[in-house]
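The report below describes one protein chain for a reader who has not met it before. It moves from a single residue to the chain as a whole.

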Amino acid sequence: MPRSRINGNFIDKTSSIVANILLQIIPTTSGEKRAFTYYRDGAIMLAQSEGNYAEALQNYYEATRLEIDPYDRSYILYNIGLIHTSNGEHTKALEYYFRALERNPFLPQAFNNMAVICHYRGEQAILQGDSEIAEAWFDQAAEYWKQAIALTPGNYIEAQNWLKITKRFEFE
């Protein structure tokens with residue numbers, strides 16, 4: 001069983017206590033309870049930015065094995081994608097964002113992160129002198145940002161500005 005990580009912050013402690021109580025009283029299967037525990041512990045480690053991504057990934061992978069609800073799995077997969085993004089493993093990150101979106105197509109943050117990765121790859125292609133590949137990456141980034149913006153129109157202002165400046169999308 002993963003160890004619980006609770007820092008000295010009162011709000012974090014309170015949230016953890018409430019989560020543990022709810023976990024005991026809400027009618028769920030033992031597998032779902034174990035999945036939540038792995039998810040919670042992985043999320044806490046990630047949120048605290050302790051840098052122990054290997055342990056966080058271990059907990060998230062175990063949570064995906066145990067969690068059966070597609071919506072809950074989508075957030076676990078999304079968080080795995082975040083860790084891979086932080087580690088510079090963009091191909092793996094994209095894979096997990098795709099998997100999250102397959103289960104929950106209403107995750108604008110996954111579309112945004114995918115767009116950021118594609119935009120980064122476009123910039124890398126420019127530095128390597130390959131403008132054709134760069135444009136393909138930028139076009140893909142634009143498609144992902146359009147999807148994120150469609151889900152949350154008031155967000156991603158910088159992306160909206162980039163889309164306008166590059167004439168990839170016109171807003172009303």
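Leaving out residues up to four places away in sequence, Y97 touches Y78, G81, L82, T85, A110, N113, M114 and I117; a contact here means heavy atoms within 4.5 Å. The model is predicted, so local features need pLDDT of at least 70 and side-chain atom pairs count only at pLDDT 80 or more, while totals for chains, interfaces and linings use all residues. Residues are numbered from 1 along each chain as its sequence is written, and side-chain values use heavy atoms, with hydrogens and water left out.

Y97 also stands out in the largest nonpolar core, which has 34 residues: Y97 and W145 have the most contacts inside it. A nonpolar core is a set of buried Ala, Val, Leu, Ile, Met, Phe, Trp, Tyr and Cys residues joined through side-chain atoms within 4.5 Å. Buried means under 20% relative accessible area, exposed means over 50%, and partly exposed lies in between (1.4 Å probe, protein chains only). Two or more residues of this core come from each of α3 (53-66), α4 (70-86), α5, α6, α7 and α8 (157-165). Helix α7 gives the largest share, 8 residues.

The chain has 8 helices and 0 strands. Helices (H or I, at least four residues) and strands (E, at least two) are DSSP runs, numbered from the N terminus. Of the 172 residues, 40% count as buried. Among contacts between residues at least 6 apart in sequence, 49% join residues at least 24 apart.

Three buried residues are set side by side here.

| Residue | Place | Relative accessible area |
|---|---|---|
| Y60 | helix α3 | 0% |
| A142 | helix α7 (residues 131-151) | 2% |
| N104 | loop between α5 (90-103) and α6 (108-127) | 4% |

Each has a partner elsewhere in the sequence. The C-alpha atoms of Y60 and N79 are separated by 7.9 Å, although the two residues are 19 residues apart along the chain. A142 and W162 are 20 residues apart in sequence and 8.7 Å apart in space, C-alpha to C-alpha. With neighbours within four places in sequence set aside, A142 is in contact with W162, L163 and R168. On the same basis, N104 is in contact with Y71, S74 and Y75.

W162 and L163 belong to α8, where A159, Q160, W162 and L163 are buried. Seen down the axis of α8, the buried residues fall within an arc of 160°, so they line one face of the helix; the arc is that of the directions from the helix axis to the C-beta atoms. This face packs against α6 and α7. On the other side of α8, E158 and I165 are exposed. After α8 comes K167, whose phi is positive, near 60°.

Aromatic side chains are the next topic. Rings of Phe, Tyr and Trp (its six-membered ring) pair if their centres lie within 6.5 Å; planes under 30 degrees apart count as stacked, over 60 as edge-to-face and the rest as tilted. By this rule the count comes to 6 aromatic pairs. One of them joins F98 and Y144, which are edge-to-face, 6.2 Å centre to centre with 70° between the planes. This pair links distant parts of the chain, with F98 in helix α5 and Y144 in helix α7, 46 residues apart. F98 counts as partly exposed at 41% relative accessibility, whereas Y144 is buried at a relative accessible area of 10%. F138, W145 and W162 form one aromatic cluster.

UniProt places the feature "repeat: TPR" at residues 35-70, 74-107 and 122-155. Its positions are given in the numbering used here, feature names are shortened, and annotations may be inferred rather than shown by experiment. Residues 74-107 are 79% helix and 0% strand, with end C-alpha atoms 9 Å apart. Residues 122-155 are 79% helix and 0% strand, and the end C-alpha atoms lie 22 Å apart.

How confident is the predictor? The pLDDT, which is the predictor's confidence in each residue from 0 to 100, averages 82 over the chain, and 73% of the residues score at least 70. Among the elements, helix α1 (residues 10-25) has the lowest mean pLDDT (56) and α5 the highest (98). Over residues 1-12 pLDDT stays under 50, and the model has 25 contacts beyond four places in sequence for them. Where pLDDT is low, the predicted coordinates should not be read in detail.
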